[in-house]
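Visitor: Could you take me through this protein step by step, so that each value is reached by reasoning?

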Amino acid sequence: MTKALPHCLRLCTKKGPPAKVLWYLPIIPSFKRLFANEDDAKDLTWHTNGRISDGMVRHPADCLQWKKTEGLYPDFGKVARNLNLGLASDGMNPYGTLSTQHSSWSVLLVIYNLPPWLCMKQKYMMLSMMILGPR
């Protein structure tokens, strides 16, 4: 006499490759390394300590959306070491031909606490996830 498989096992025994694969790259160790370096730690608090607030928009911290977020979460905005991050994602075809069925999606994090001349430097952009799969 054979026993019926539980529902979860029946779903997991499908054959074939997974539809998508998600690679997560931990970001907290990177943040710890940035704050361990004295110069980087000083730059990461620049939005609070070094920014000139004269009404001109020179940095994301000068924008209305940043101020609205600080109003909604006042405890978060009080601590200069809390990081404000931007999330960017874009798909790419890793093989260079448009007819392939495979695509990759990278998910990047950008630290907005830094001065404008450092925000978009490669050193401060972090690849947090990579999603691989068909189409």
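The exchange below concerns a predicted model and goes from the overall fold to single residues.

Visitor: Which pattern do the helices and strands of the protein follow along the sequence?
Guide: The secondary structure of this predicted model comes to 7 helices and 4 strands. Read in order along the sequence, these elements give the pattern α-β-α-α-α-α-α-β-β-α-β.

Visitor: What percentage of the contacts with a separation of 6 or more joins residues 24 or more positions apart?
Guide: The contacts considered here are those in the protein with a separation of 6 or more along the sequence. Among these contacts, the share that belongs to residues 24 or more positions apart is 60%.

Visitor: What percentage of the 135 residues counts as buried?
Guide: The protein exposes about 10300 Å², of which carbon and sulfur atoms supply 63%. For single residues the cut-off for buried is under 20% relative accessible area, and of the 135 residues the share that counts as buried is 26%.

Visitor: How much space lies in the largest cavity?
Guide: Rolling a probe the size of a water molecule over the atoms shows where empty space is left. With a threshold of 30 Å³ or more, the count comes to 1 cavity. The space in the largest cavity is about 70 Å³.

Visitor: Which element supplies the largest share of the lining of that cavity?
Guide: The lining consists of H47, W66, T69, E70, F76, G77, V79, N82 and N84. Two helices, α5 (64–72) and α6, each supply at least two of these residues. The largest share, 3 residues, comes from α5.

Visitor: Does N84 count as buried or exposed?
Guide: N84, one of the residues lining the largest cavity, lies in the loop between α6 and β2 (85–92). Leaving aside residues up to four places away in sequence, N84 touches H47, W66, F76, V110, I111, Y112 and N113. Because its relative accessibility is 18%, and the cut-off is under 20%, N84 counts as buried.

Visitor: How does F76 count by its relative accessibility?
Guide: F76 lies in helix α6 (residues 74–78), and this residue also belongs to the lining of the largest cavity. Since buried means under 20% and exposed over 50%, a relative accessibility of 36% makes F76 partly exposed.

Visitor: What accessible area does the nonpolar surface patch with F76 have?
Guide: A residue joins such a patch with over 30% relative accessible area, and F76 is at 36%. Its partners in this nonpolar patch on the surface are L72 and Y73. Together, L72, Y73 and F76 have an accessible area of about 340 Å².

Conventions
Residues numbered from 1 in each chain as written. Predicted model: local features only at pLDDT ≥ 70, side-chain atom pairs only at ≥ 80, totals over all residues. Heavy atoms only, no water. Patch = residues over 30% accessible without salt bridge, like charges linked within 9 Å, V, L, I, M, F, W, Y side chains within 5 Å. Areas by Shrake-Rupley, 256 points an atom, 1.4 Å probe, with all protein chains shown as cover. Salt bridge = Lys/Arg side-chain N within 4 Å of Asp/Glu carboxyl O. Buried < 20%, exposed > 50% of the residue type's maximum accessible area, 1.4 Å probe, protein only. Contact = heavy atoms within 4.5 Å. 1 Å grid on protein atoms, 1.4 Å probe; cavity = no way out; pocket = protein on both sides within 12 Å on 5 of 7 lines; lining within 4 Å. Points joined across faces, edges and corners; volume = space filled by probe spheres on them.
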